[in-house]
Amino acid sequence: MLPTFLKSSFGLLPKPHLKLTFSTATVGVKEKWDLVSSICLERKPKLTKDLTEMELKYAETLRKVEYESSFRSDHEIRKITDKMYAEELKKKDSFVEEAPMQTAQEFEDACKIELDQFKLAERTTPADSRNDTTSTERQLINSLLLVTKQKLGNNSYWLLPQGVRQEGETMRQAAERVLKENCGPNLQTRFMGNAPCGYYKYRYPKGAKVKEAVGAKIFFFKAQLIKGNVSKDVCQEYQWLSQKELNILQEDYLKSVKMFLIDDDVELK
């Protein structure tokens with residue numbers, strides 16, 4: 001005879017009456033979204049930032065420690081040798097070899113004259129003076145991000161360069177194609193891997209000329225500018241902006257972009 005806990009498994013116990021209910025609502029059709037590749041093209045800083053007060057003190061401390069722990073350099077040994085040579089010359093019966101053509105002190109004086117004539121380049125450029133946001137030669141101590149104006153529906157928005165993936169393309173291939181089509185062939189860039197670094201989606205506004213899709217799912221790819229600039233005959237409205245200037249982007253869109261950016265203004269406390 002089967003135990004009670006096994007009888008239900010074999011259907012020997014009477015089953016309770018089940019009352020099934022069905023929803024009268026129709027199952028919704030799955031929405032179609034465009035897959036979009038977007039490029040976060042960054043011009044890296046060309047100059048280091050000015051040192052803070054703490055960094056200056058730390059650098060000076062390191063310099064002193066290094067100086068105190070170091071051995072004499074060739075130039076310092078040369079100065080000692082010159083001094084010994086000068087003292088030997090004062091002696092009447094001394095015999096010394098022929099004097100060097102240039103002493104260590106004369107070498108120092110020549111270096112000082114050359115240093116006084118040397119002028120450091122300005123840390124600000126003509127593009128900074130003109131506030132030319134289309135130039136990559138501005139704000140050399142900051143990273144700059146390329147944004148372009150694109151039309152969605154009846155309005156235009158500042159966005160990172162983007163475009164819909166075509167059939168047969170990977171998202172990375174779409175990003176490379178979109179950058180060339182939207183910004184011209186003059187940009188030399190380096191993509192930082194095959195995987196996207198960020199994601200954002202939005203619904204198309206009313207009036208957008210889209211046949212099937214209800215919105216776009218954007219996958220951001222990071223790239224670095226090697227040289228070149230946007231071709232103005234291909235894209236007329238573009239800007240290279242620092243992170244502080246990105247407030248021209250839509251608020252929610254900007255939040256997604258900032259999630260994969262390294263903050264230029266991080267300070268040690």
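## Exercises on a predicted model

At 6% relative accessibility, Ser242 counts as buried (buried is under 20% relative accessible area, exposed over 50%, partly exposed in between, with a 1.4 Å probe and protein chains only). The model is predicted, so local features need pLDDT of at least 70 and side-chain atom pairs pLDDT 80 or more, while totals for chains, interfaces and linings use all residues. Residues are numbered from 1 along each chain as its sequence is written, and side-chain values use heavy atoms, leaving out hydrogens and water.

**Exercise 1.** Find where Ser242 lies and which residues it touches, not counting residues up to four places away in sequence.

*Solution.*
- Step 1: look in the loop between strand E8 (238-241) and helix H7 (251-258), where you will find Ser242. Helices (H or I, at least four residues) and strands (E, at least two) are DSSP runs, numbered from the N terminus.
- Step 2: list the contacts (heavy atoms within 4.5 Å). Leaving out residues up to four places away in sequence, Ser242 touches Gln139, Asn142, Ser143 and Leu144.

**Exercise 2.** Work out which parts of the chain the salt bridge between Lys46 and Glu137 ties together.

*Solution.*
- Step 1: check the pair. A salt bridge is a side-chain nitrogen of Lys or Arg within 4 Å of a carboxyl oxygen of Asp or Glu, and the side chains of Lys46 and Glu137 meet at 2.5 Å, N to O.
- Step 2: place both partners. Lys46 lies in the loop between strand E1 (33-43) and helix H2 (53-69), and Glu137 in the loop between helix H5 (126-130) and strand E2 (144-152), so the pair ties together parts that are 91 residues apart in sequence.
- Step 3: read the accessibility. Lys46 is partly exposed at 47%, and Glu137 is partly exposed at 34%.

**Exercise 3.** Decide whether Glu42 and Lys44 are buried or partly exposed.

*Solution.*
- Step 1: find their link, a salt bridge of 3.3 Å, N to O, between the two side chains of Glu42 and Lys44.
- Step 2: apply the cut-offs. Glu42 has 8% relative accessibility and therefore counts as buried; Lys44, at 34%, counts as partly exposed.

**Exercise 4.** Describe the salt bridge between Glu176 and Arg172.

*Solution.*
- Step 1: note the gap, since the closest N and O atoms of Glu176 and Arg172 are 2.9 Å apart.
- Step 2: locate the pair. Both Glu176 and Arg172 lie in helix H6 (residues 171-183), four residues apart, about one turn of the helix.
- Step 3: add the accessibility: Glu176 is partly exposed, at 35%.
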